[in-house]
Structure formats: C-alpha cells, structure tokens
Amino acid sequence: MAKIDELSELLCAELASFEQHMKRLEEIHSQGIHLDTEDLIRRLSSLEDTMDFEKHEYERISTELSNTIKEAKIYPKWALVVFFVSLSLNIIGVVMLFFEYE
C-alpha cells in the first residue's frame, strides 16, 4: 500500500508540474512570441552558395592539374628514341660477341 501511495504522490507532482509548464506555454503563446528563422535561413543560404562556389573551384583546379599532369613529359621524345636505339644496338652487339666467341 505504501508503494501505491508513493506512486500516486509522484504522479500528482508530475501532473502539477505539467500543468505549470502548460500555463507557461499558454502565456508565451498569448504574448505573441514567435521564433524568427529568417536570419538562420539567410545564413544557411549564404553558406550553401559559398560551398557551391568552393566545390566548383575545387573541380576547376583539379581538372587543370589533371590536364597539366597529362601534358607533362618527364623526358623529351628524342632522348627516349636515342636511349632505346643505343640500348638495342648494345644488346645486338653483346649477342653478336657472344655467338662469335662460341
């Protein structure tokens, strides 16, 4: 029985607290206090515009970098041709010397 009394007291206290909060909310509503979200919406829109601009700049820079890397040549073509021709002639020379001394 003591538990039921404790629970009923707790329930009454919670109901009284709820009624007080409801009265406070009714007072606030009757005073005409409203939340103004226009400033928040404006700031979020500005942030979104800035992020879009930054995204486009990032894409532009990454495209330019990609194109620069594709066009970049580590060695000139003539140097590669000379290297491979001399390498081929050296291999042919070594093979000829090997077969000549056998």
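Q: What share of the accessible surface of the protein chain belongs to carbon and sulfur atoms?
A: The model is a predicted one. The accessible surface of its protein chain comes to about 10300 Å². The part of that surface belonging to carbon and sulfur atoms is 65%.

Q: What pattern does the protein chain follow when read along the sequence?
A: The protein chain holds 3 helices and 0 strands. Read from start to end, the pattern is therefore made of helices, α-α-α.

Q: Why is the protein chain described as more spread out than a compact globule, and what is its radius of gyration?
A: For 102 residues the globule rule gives 13 Å. The value for this chain is well over that, so the chain is more spread out than a compact globule. Along the principal axes, the C-alpha trace spans about 115 × 45 × 10 Å. The radius of gyration is 41 Å.

Q: What percentage of the 102 residues in the protein chain is buried?
A: A residue counts as buried when its relative accessible area is under 20%. In helix 1, the number of buried residues is 0 out of 30, so this helix lies largely in the open. Over the 102 residues of the chain, the buried share is 0%.

Q: Which element of the protein chain has the highest mean pLDDT?
A: The mean pLDDT of the chain is 88, and 98% of its residues reach 70 or more. Among the elements, helix 1 (residues 2-31) has the lowest mean, 88. The highest mean, 93, belongs to helix 2 (residues 38-71).

Q: How far apart are the end C-alpha atoms of helix 1?
A: Helix 1 has 30 residues, and at 1.5 Å a residue these should span 44 Å. The separation in the model agrees with that expectation. The end C-alpha atoms are 44 Å apart.

Q: Which residue with a positive phi follows helix 1?
A: Helix 1 covers residues 2-31. Its successor has a phi near 80°, and this residue is Gly32.

Q: Is Ala16 buried or partly exposed?
A: Ala16 is placed in helix 1. The C-alpha atoms of Ala16 and Glu6, 10 residues apart along the chain, are separated by 15 Å. With a relative accessibility of 35%, Ala16 counts as partly exposed.

Q: What is the relative accessible area of Glu48?
A: Glu48 is located in helix 2. Its C-alpha atom is separated by 27 Å from that of Ser66, 18 residues apart along the chain. Glu48 is partly exposed, and its relative accessible area is 49%.

Q: What distance separates the C-alpha atoms of Leu80 and Leu97?
A: Leu80 belongs to helix 3 (residues 77-100). This residue is partly exposed, with a relative accessible area of 36%. Leu80 and Leu97 are 17 residues apart along the chain, and their C-alpha atoms are separated by 26 Å.

Q: How far apart do the centres of the positive and negative side chains lie?
A: The protein chain has 10 positive side chains and 20 negative ones. The centres of the two sets lie apart by 7 Å.

Terms used:
Residues are numbered from 1 along each chain as its sequence is written. Side-chain values use heavy atoms; hydrogens and water are left out. Helices (H or I, at least four residues) and strands (E, at least two) are DSSP runs, numbered from the N terminus. The radius of gyration is taken over C-alpha atoms; the globule rule is 2.2 Å times the number of residues to the power 0.38. Buried means under 20% relative accessible area, exposed over 50%, partly exposed in between (1.4 Å probe, protein chains only). Accessible areas come from the Shrake-Rupley method with a 1.4 Å probe; for residues, only the protein chains shown count as cover. Lys and Arg count as positive and Asp and Glu as negative; His and the chain ends are not counted. The place of a charge is taken as NZ of Lys, CZ of Arg, CG of Asp or CD of Glu. pLDDT is the predictor's confidence in each residue, from 0 to 100. The expected span of a helix is 1.5 Å times one less than its number of residues.
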